[in-house]
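Thanks for coming, everyone. Let me put the model up on the screen, and then I'll walk you through it.

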Amino acid sequence: MTLAGHTFEKRAKDNETSVTFEPTELQKAYDGNNGLLPKGDVTAKSTVAGLDSEVTTSTITLERVKPTITYTVTVNGQEPKKDSNGRYLFYAGDNIQITYTGKDNSGKLKTLKVSGNRKDLTDFFENRPEWGTGPITNIINTLTNDDQTTFTINAISNQNLAWKSGNHWGRWLYATDPSDNEVGVGEIVVQQDQLQNLFNKPAIDVTEVKDKNHLSESDKEKVRE
């Protein structure tokens, strides 16, 4: 059998009518294609009793399984609250932490990046210190084993960031595998909340009694409730 310029031979046992090549037996072809079975033609022929069969040709196409991305979001190390739109809430000065992992069935990724406003980002707050800081590590067109594709963004909002209803930031995560299959995950949106909400306490119902120094049985029952 000939594949990607390499010739592989395998002998069938006496009671076999066919042979199967395991991935380890085709290692040279895998090694030359980023650990994947290379696309293109593969030719094969068999020899029985000194007689060669006709050469048969098949075509290997690119695999189409997309990579995967998982992520978690915390604020100051805690699970954040969300608003009615599903946006993660934070306050001025908070540390918004996004940890994400890209994986692929090939064991490698070619690209893993963060984007927002239709552009790739190197900082969560787009290098706008008046909003905050949050350096981002991207992998772009650099083949990387997916045991090295977990990253954490520590986006620290400016402690003097004045609240505005429009203070929300949406981000997408993208991954591409060696066969150029791409997946996008998002939108991950964080929304600044008003500080007054941080200190709001639930109202306590007032229980009225006739004489606080001499509670009747009825008064005591009201207090218990």
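Let me start with a question: are Glu126 and Arg171 buried or exposed? Keep in mind while you look that this is a predicted model. The answer is that Glu126 is buried, and Arg171 is buried as well. These are two charged side chains, and they meet each other in a salt bridge, at 3.1 Å from N to O. Glu126 sits in the loop between β12 and β13 while Arg171 is in strand β16, so this pair ties together parts that are 45 residues apart in sequence. There's a third partner, too: salt bridges that share partners join Lys119, Glu126 and Arg171 into one network.

Stay with Glu126 for a second. Its relative accessibility is 17%, and it counts as buried because the cut-off is under 20%. Its backbone is worth a look as well: phi is positive, about 60°, although Glu126 is not a glycine. For context, most residues other than glycine have a negative phi.

Okay, let's zoom out. The chain has 225 residues, and 32% of them count as buried. In terms of secondary structure we've got 3 helices and 17 strands. If you take the contacts with a separation of 6 or more, 60% of them are between residues 24 or more positions apart. On the outside, the chain exposes about 15100 Å², with carbon and sulfur atoms supplying 47% of that.

Now the sheet I'd like you to find. It's an open one with 4 strands, in the order β7-β9-β15-β13, and the pairing is antiparallel. The edges are β7, residues 68-75, and β13, residues 132-133; each has a single partner strand, so one side of each is left without a neighbour in the sheet. In the middle of that order, β9 (residues 95-103) and β15 (residues 150-157) run antiparallel and are joined by 7 bridges. If you want a landmark there, look for Tyr100, which stands opposite Phe151 in β15.

Tyr100 comes up again when we get to the inside. Which residues have the most contacts inside the largest nonpolar core? They're Tyr100, Leu112, Phe124 and Ile153, in a core of 28 residues. Several strands feed into this core with at least two residues each, including β7, β9, β11 (111-116), β15 and β16 (168-176). The largest share comes from β17, which gives 4 residues.

Ile153 is a good place to click. Leaving aside neighbours within four places in sequence, Ile153 is in contact with Ile96, Gln97, Ile98, Tyr100, Val114, Phe124, Gly134, Pro135 and Ile136. Apart from this core there's another one, made of 7 residues, among them Phe8, Leu26, Ala29 and Tyr30.

Back to charges for a moment. How many salt bridges does the structure hold? There are 9. One of them is between the side chains of Asp83 and Arg87, at 2.8 Å from N to O. Another is between Asp146 and Lys103, at 3.9 Å from N to O. Asp146 is in the loop between β14 and β15 and Lys103 is in strand β9, so that pair ties together parts 43 residues apart in sequence. The two ends sit in different surroundings: Asp146 is buried, with a relative accessible area of 11%, whereas Lys103 counts as partly exposed at 38% relative accessibility.

A few backbone oddities before I stop. Where's the cis peptide bond? It joins Gly186 and Glu187, with omega at about 5°, and Glu187 is in strand β17. Most peptide bonds are trans, as a rule. There's also Asn141, which has a positive phi of about 55° although it isn't a glycine. You'll find Asn141 in the loop between β13 and β14 (144-145). Buried or exposed, for Asn141? It counts as exposed, at 59% relative accessibility, because the cut-off for exposed is over 50%.

Last stop, the surface. Leu195, Leu198 and Phe199 form a nonpolar patch out there, with about 320 Å² of accessible area together. Leu195 is in helix α2, residues 195-199, and at 46% relative accessibility Leu195 counts as partly exposed.

That's the tour, so go ahead and ask.

Methods. Residues are numbered from 1 along each chain as its sequence is written. This is a predicted model: local features need pLDDT of at least 70, side-chain atom pairs count only at pLDDT 80 or more; totals for chains, interfaces and linings use all residues. Side-chain values use heavy atoms; hydrogens and water are left out. Two strands pair if DSSP finds at least two bridges between them. Buried means under 20% relative accessible area, exposed over 50%, partly exposed in between (1.4 Å probe, protein chains only). Contact means heavy atoms within 4.5 Å. Accessible areas come from the Shrake-Rupley method with a 1.4 Å probe; for residues, only the protein chains shown count as cover. A nonpolar core is a set of buried Ala, Val, Leu, Ile, Met, Phe, Trp, Tyr and Cys residues joined through side-chain atoms within 4.5 Å. Patches are made of residues with over 30% relative accessible area and no salt bridge: like charges are joined within 9 Å, nonpolar side chains (Val, Leu, Ile, Met, Phe, Trp, Tyr) within 5 Å. A salt bridge is a side-chain nitrogen of Lys or Arg within 4 Å of a carboxyl oxygen of Asp or Glu.
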